[in-house]
Amino acid sequence: MSETTSTREEKKPPLNGRRALPPNNSNDEENEVPEVDPFGLIPRGFNPKDYLRVVDIYMFKEPHEINKQQHHTDKYYNPKLIVRRGQPFQIQIDFDRPYRPETDQFWLEFLMGRYPQQNKGTYIPIIVGNVLKPGEWGAKITHRENNSIRLSIMSSATCIIGKFRLYVAVWTPFAILRTRRNPATDMYILFNPWCQKDAVYLDDEKEREEYVLNDVGIVFHGNVEDVKSRSWSYGQFEENILDACLFLMDKAELELSGRGNPIKICRVASAVINSRDDNGVIAGSWNNSYDYGVAPSAWTGSVDILLEYYSSKQPVRYGQCWVFAGVFNTFLRCLGIPARLITNYSSAHDNNANLRLDFFLDDEGKVDTRLTKDSVWNYHCWNEAWMTRPDLPVGFGGWQVVDGTPQETSDGMYRCGPASVQAIKHGHVCFQFDAPFVYAEVNSDIIFSRMEKNGIQVIEKIDTTHIGQLIVTKEVGGDGMVDITEEYKFREGSDEERLALETAVMYGVKKQTTRDTTYQPQTDIDMDFQVQKAVLGNDFKVTITFRNRSRNSYTATTYLSGNIVFYTGVPKSEFKKHSFSAKLEPSSSSSFDVVIKSSEYMSDLLEQASFHFFVTARINETGKILAMQKATILEIPTLRIKTKGELVAGKEMSVIVEFTNPLKQTLENVTLRLEGPGVLRTIQKEFRSIPMNSTLTWEVKCIPMRPGLRKLIASLNCDALRHVYGELNVQIQKP
C-alpha cells in the first residue's frame with residue numbers, strides 16, 4: 001500500500017501560491033480514477049469478488065436506438081452516446097449476479113477534465129432514487145431482469161456541455177470499487193432547445209429544425225440593389241466536427257465550469273473563430289492575394305476548415321466575413337445553440353464610433369481618399385444566437401448578435417457580442433456586449449463634406465438612409481430570403497426611430513450634430529443615377545438623371561468616378577474618370593449616358609466583381625454640390641450540376657459539374673470544389689486552363705450515405721474569376 005501512495009504523490013500538479021488547483025480548462029485531459037478506493041487499512045480476508053460487480057454497461061448509443069432518437073442527436077456521425085441536457089436518457093448495467101436493493105449500494109459518477117470537482121460541476125455523483133425531478137441530476141431504476149437493471153438518468157438543465165466520462169461505483173464496507181476506465185461509455189451532453197428549463201429553449205419546432213438541425217444554409221451577398229445568394233454547408237453532424245468544436249473552447253481556455261452558459265461560450269467563440277490575437281481558426285485576408293492558402297470565395301462549407309484546424313492547430317487561410325459567420329454557425333448549431341447567419345447590406349464600419357461615416361470631397365467634388373477613413377461594406381455577415389439573457393433586464397433575451405469577423409477590439413480582443421437585437425433596436429446600447437458597435441453598423445449616417453480654402457468644413461450632403469437598408473436571413477424551411485430589418489430598427493423617419501437614436505446617444509453613442517448654418521443643400525434639383533445590369537466581361541452604361549424643378553436654367557459640371565472596390569467598400573483602383581457639363585432646362589428632366597467598356601475594368605477586377613460609382617455635380621450658378629454613391633456588382637457565370645444513375649443510399653451514383661468560360665481570355669490554374677453533406681466528402685480538382693468559350697466537364701463518382709433531401713454545392717476559383725458557384729438539391733431514396 002505504501003508504494004502506491006508514494007507514486008500517487010509524485011503525480012500531483014506543481015504547487016502554485018495563487019490557486020489550490022491548476023485551471024481546469026481542457027475537456028480532453030483526464031485524471032486517473034482508482035478502481036479500488038480504500039477507506040483505511042483493508043483486512044487480509046477482503047475479496048472484492050464477494051461483492052456486487054459490474055460486468056457491462058450498455059449505453060443505447062446507436063442512431064436508431066431510443067437515446068439519440070429522443071434527443072434529436074441521431075444525425076451526428078459519432079459512435080458515442082450524445083444527449084441533450086435536462087432530458088432523461090437510458091442506460092443498462094449488467095452485474096455478475098442479481099441486484100439486491102436492500103444490501104447492494106451503487107452510484108454513478110460523471111467526470112470531466114483533469115481536476116473534477118463537485119462544486120464546479122465537473123464531478124457529478126448520482127445516487128439512484130425513486131423519482132426524477134425535471135431539470136435536475138438524478139437516476140431511477142425503470143426495469144430489473146436477471147442480473148441486469150435499466151436506469152433512466154436525468155441531467156441538469158444547466159449542466160456543463162461537453163464530453164463526460166462515466167464510472168459505476170459500488171460500496172463495500174472497506175472500499176469503493178469502481179468500473180475500469182472505458183472510453184466506450186464516454187458521452188457528450190449538449191444544449192437542449194427542446195427543454196423549457198434550458199437557457200437556449202426555442203418553442204417552435206419548425207424553427208428548431210432550421211436553426212439547430214439543418215446542416216446547410218444560404219449566404220446572401222451582392223448588394224442592396226442586386227441581392228445574390230449561395231449555399232453553405234454547415235456540416236455540424238459530420239465526423240469529428242463535435243470534437244473540433246469542443247477543442248475550440250479548450251483553445252480559448254474557457255474554464256470547464258463556465259461551459260454551461262451560452263453567453264460565455266458565444267463571447268469566447270467570437271474571439272477564437274478569427275486568428276487575430278489568439279491563433280484562432282481562420283486567418284482573414286481582404287487584399288485579393290491568397291498565397292499559401294485557399295481564397296475565401298472557394299470554400300463551400302465549414303467542415304474542411306474546422307477539421308484542418310483541429311488537426312494542425314494552426315489558423316486556416318483564408319476567410320472573409322461569410323466564412324467566419326459560416327464556421328461560427330456550425331459551432332453554435334453543433335453544440336445545440338439555435339443560430340442563423342445574417343447579412344446586413346450597406347454595413348457601416350465606423351472607425352471612431354460616432355455614428356457617422358465621413359466622406360471628404362476635394363474642390364472638384366471628387367472623394368479625397370487620403371482623408372476618408374471610414375468605409376461602407378457592400379454587405380457584412382454576422383450570426384444571431386438564441387438564448388436568455390439573465391445578466392440583462394427582462395426583455396433582452398432572444399436573438400443575440402455575435403460576430404467572429406475581426407473588425408475592432410472589444411475588451412482587448414478581436415470579438416463582438418453577444419449583443420441583444422432587441423437592445424439595439426430600442427437604442428439601449430448600454431447593455432453588454434458591444435451593442436454600440438452593432439448599432440453603428442446598421443444606423444450610421446453618411447456625411448459628404450468639403451474643406452473650403454479658409455479651413456471651414458462645408459457639409460454638402462447628409463444621407464441618413466443608405467446604411468443598414470436591408471438586413472436579411474434565410475427563411476425557415478426553405479431557401480428564400482426573409483427581411484428582418486424591422487427587428488434591428490424602426491421605420492426610417494418614425495417617432496420610435498428618433499427616440500431609439502436619442503436613447504443610444506444618452507447611453508454614450510457619440511453623435512455629432514450638424515449645425516444648420518453649414519448645411520444648405522440645393523433643394524430645387526434632384527440627381528440620381530442607374531447602373532445597367534451587366535454580365536462580367538461585357539460593356540455596360542451608367543445613366544445620370546437630373547430633374548430641375550425650378551424656373552431657372554442651370555449648368556452642372558458633372559464628374560463620374562468608377563472604382564473597383566473590395567466588398568468592404570475599400571477602393572483598390574479608379575478605373576473610370578469622366579466629366580461633362582450638363583445643361584439643365586427649367587422644369588424638366590434630362591439624362592446622360594456614360595459607357596463603361598470591359599477593357600477598362602477587366603484587368604483590375606477583384607473577386608466579387610464589385611464597382612463603386614461616385615457621381616458629383618457642381619451647380620455653377622450657386623456653387624452647391626450634389627453627391628451620390630452606389631455600389632454595383634456584375635453578373636458572374638454559374639456552374640451547372642447534374643447527377644447520373646440511381647439516387648439511392650449505399651449505391652454508387654455520379655455527379656457532373658459543368659462550366660463554360662464566358663470571358664474573352666483563357667482561365668488558368670482553375671480549382672473546382674464539390675461537397676454535399678451526407679452524399680460526398682469535399683473533393684477538389686485542379687485544371688490547368690479553360691480556353692475562352694470552351695466548356696469544362698468534371699464527373700465524380702460517390703456513394704451517398706444518408707437518405708432524404710440533400711444539397712450538392714460546387715465552387716470554381718482562379719485568379720481571374722472567383723465567386724463562381726453552383727448547387728443542386730437531390731432526393732436520396734432509402735435502399
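**Exercise 1. State which residue of β23 stands opposite Phe 360, then describe the pairing of β23 on both sides.**

Solution. Phe 360 has Ser 449 in β23 opposite to it. The model is predicted, with local features requiring pLDDT of at least 70 and side-chain atom pairs pLDDT 80 or more, while totals for chains, interfaces and linings use all residues. Numbering starts from 1 along each chain as its sequence is written, and side-chain values use heavy atoms, without hydrogens and water.

Step 1. Strands here are DSSP runs of E with at least two residues, helices are runs of H or I with at least four residues, and both are numbered from the N terminus. Two strands pair if DSSP finds at least two bridges between them.

Step 2. Strand β17 (residues 356-361) runs parallel to β23 and is joined to it by six bridges.

Step 3. Strand β24 (residues 457-463) is joined to β23 by six bridges as well, but here the two run antiparallel. In this pair, Phe 448 stands opposite Lys 461 of β24.

Step 4. β23 and β24 form a hairpin with five residues between them, and Gly 455 in the turn has a positive phi of about 90°.

Step 5. Of the seven residues of β23 (residues 445-451), six are buried, where buried means under 20% relative accessible area, exposed over 50% and partly exposed in between (1.4 Å probe, protein chains only).

**Exercise 2. Determine how the axes of α4 and α7 are placed and which residues make the contact.**

Solution. Step 1. The axes of α4 (residues 241-251) and α7 (residues 321-335) come within 10 Å and cross at roughly 105°. Axes are lines fitted to C-alpha atoms, for helices over the stretch in contact, and angles run from 0 to 180 degrees between N-to-C directions.

Step 2. The crossing therefore makes α4 roughly perpendicular to α7; angles of 65 to 115 degrees count as roughly perpendicular, under 35 as roughly parallel, over 145 as roughly antiparallel and the rest as oblique.

Step 3. On the α4 side, the contact is made by Ile 241, Leu 242, Cys 245, Leu 246, Leu 248 and Met 249, and on the α7 side by Thr 330, Phe 331, Cys 334 and Leu 335. Contact means heavy atoms within 4.5 Å.

Step 4. By class, this contact of α4 with α7 has nine nonpolar residues, one polar residue and no charged residues. The nonpolar class is Ala, Val, Leu, Ile, Met, Phe, Trp, Tyr, Cys and Pro; Asp, Glu, Lys and Arg count as charged, and the others, Gly among them, as polar.

Step 5. Helix α6 (residues 303-312) has Val 303, Ile 305, Leu 306 and Tyr 309 buried. Their cover includes α4, β14 (282-284), β15 (316-319) and α7. Just after α6, Lys 313 takes a positive phi of about 60°.

**Exercise 3. Give the strand order of the open sheet of six strands, and the helices that lie on its strands.**

Solution. Step 1. The order is β22-β19-β18-β16-β25-β26, with antiparallel pairing.

Step 2. The edge strands are β22 (416-420) and β26 (481-483), each pairing on one side only.

Step 3. On average, neighbouring strands of this sheet are turned by 30° against each other, direction ignored.

Step 4. Helix α5 (residues 262-272) packs on the sheet and touches β18 (375-387), β19 (398-403) and β22, its direction making about 145° with that of β22. Helix α7 lies across β16 (339-349), β18 and β19, and runs at about 5° to β18.

Step 5. At the β26 edge, β25 (residues 470-474) and β26 pair in the antiparallel sense over three bridges. Lys 474 has Met 481 as its bridge partner in β26.

**Exercise 4. Locate the cis peptide bonds between Gly 417 and Pro 418 and between Gln 432 and Phe 433.**

Solution. Step 1. Gly 417 and Pro 418 are joined by a cis peptide bond with omega about 0°, and Pro 418 is found in strand β22.

Step 2. Gln 432 and Phe 433 are joined by a cis peptide bond with omega about 5°. Phe 433 lies in the loop between α8 (421-426) and α9 (435-443).

**Exercise 5. For Phe 60 and Glu 253, decide whether each is buried or exposed.**

Solution. Step 1. Phe 60, which is not a glycine, has a positive phi of about 50°. Phe 60 lies in the loop between β2 and α2 and counts as buried because its relative accessibility is 8%.

Step 2. Glu 253, also not a glycine, has a positive phi of about 55°. Glu 253 is found in the loop between α4 and α5 and counts as exposed because its relative accessibility is 59%.
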